[in-house]
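Subject: Structure for you to look at

Hello,

Here is the structure I promised to pass on. Please open it and keep it in view while you read my notes below.

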Amino acid sequence: MRKLVIAAALVVAVHASPARAEVGLGAFVGEPTGLDVNIGLDHRSSLDLLLGWYSDWPHNVDGGAYGHVTYLLTPVVGQGRSVRVPLRLGIGGAVYDTGGRFTDDLHLAARFPLQIGLMFRSTPLEIYFEVALKVTVWQDVHDHPTVDLDGGVGLRFYL
């Protein structure tokens with residue numbers, strides 16, 4: 001019996017693939033603009049973190065600090081010879097300050113992004129496009145629309 005357990009453990013160990021989270025580091029330009037980290041949770045989901053600047057154009061010329069955390073699900077991945085095209089849907093939350101550095105004019109929002117990426121097979125780069133419905137659920141100062149669209153383009157390098 002002992003030999004059978006050892007043999008089964010060896011078979012599992014040989015065929016098991018190590019768990020490895022894919023991490024993408026990059027930048028996002030648009031509304032908001034900032035540094036982006038994408039952490040792969042499994043084959044079809046990831047956690048996206050962004051910390052940066054929110055211009056709140058055309059409502060506010062100065063803008064302020066911005067951060068979001070979003071869970072992304074990838075229901076469809078198109079396959080090409082040199083590129084993969086993932087379609088991602090997400091849900092998350094954002095905190096932003098239209099007056100500066102997370103001190104006054106604080107806003108909390110739910111966000112619902114749609115991303116389309118171009119992941120190159122020959123290099124660990126991805127260019128992605130995002131549009132997100134942002135629903136502000138709490139405002140320190142009522143200087144921002146409750147429902148708004150954000151969007152832009154990003155670039156990630158995967159480690």
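How many residues does the hairpin that joins β2 to β3 run through? The answer is two. Before going further, please note that this is a predicted model.

**The overall fold**

Start with the barrel. Eight strands close into it, in the order β1-β2-β3-β4-β5-β6-β7-β8. Their pairing is antiparallel. From one strand to the next, the twist averages 25°. As background, strands of a sheet pair through backbone hydrogen bonds, and they can do so in a parallel or an antiparallel way.

**From β1 to β2**

β1 covers residues 23–31, and β2 covers 33–42. The two form a hairpin with one residue between them. Six bridges pair them in the antiparallel sense. To find the match by eye, look for L25, which stands opposite V37 in β2.

Now look at the loop between these strands, where P32 is found. The peptide bond from E31 to P32 is cis, with omega near 10°. In general, most peptide bonds are trans.

**From β2 to β3**

β3 spans residues 45–54. Nine bridges join β2 to β3, and the two run antiparallel. Here G34 stands opposite G52 in β3.

**A residue to check: N38**

N38 lies in strand β2. Is N38 buried or exposed? The cut-off for buried is under 20% relative accessible area. N38 has 4% relative accessibility, so this residue counts as buried.

What does the side chain of N38 make a polar contact with? Its partner is the side chain of S46, at 3.3 Å. N38 also has a list of neighbours, not counting residues up to four places away in sequence. Among them are E22, V23 and G24, then S46, L47 and D48. L72, R156 and Y158 are touched by N38 as well.

**Further along: β5 and β6**

Strand β5 takes in residues 83–97, and strand β6 takes in residues 106–120. They pair in the antiparallel sense over eleven bridges. For a marker on this pair, find D97, which stands opposite L106 in β6.

**Where to begin**

Try tracing the barrel in strand order, from β1 to β8. Then stop at the cis bond from E31 to P32. Finish at N38 and its polar contact with S46.

Best wishes

Note on methods: Residues are numbered from 1 along each chain as its sequence is written. This is a predicted model: local features need pLDDT of at least 70, side-chain atom pairs count only at pLDDT 80 or more; totals for chains, interfaces and linings use all residues. Side-chain values use heavy atoms; hydrogens and water are left out. Two strands pair if DSSP finds at least two bridges between them. Helices (H or I, at least four residues) and strands (E, at least two) are DSSP runs, numbered from the N terminus. Axes are lines fitted to C-alpha atoms, for helices over the stretch in contact, and angles run from 0 to 180 degrees between N-to-C directions. Buried means under 20% relative accessible area, exposed over 50%, partly exposed in between (1.4 Å probe, protein chains only). A polar contact is a pair of N or O atoms within 3.5 Å; within protein, one must be able to donate a hydrogen and the other to accept it, and residues adjacent in sequence count only if both atoms are side-chain atoms. Contact means heavy atoms within 4.5 Å.
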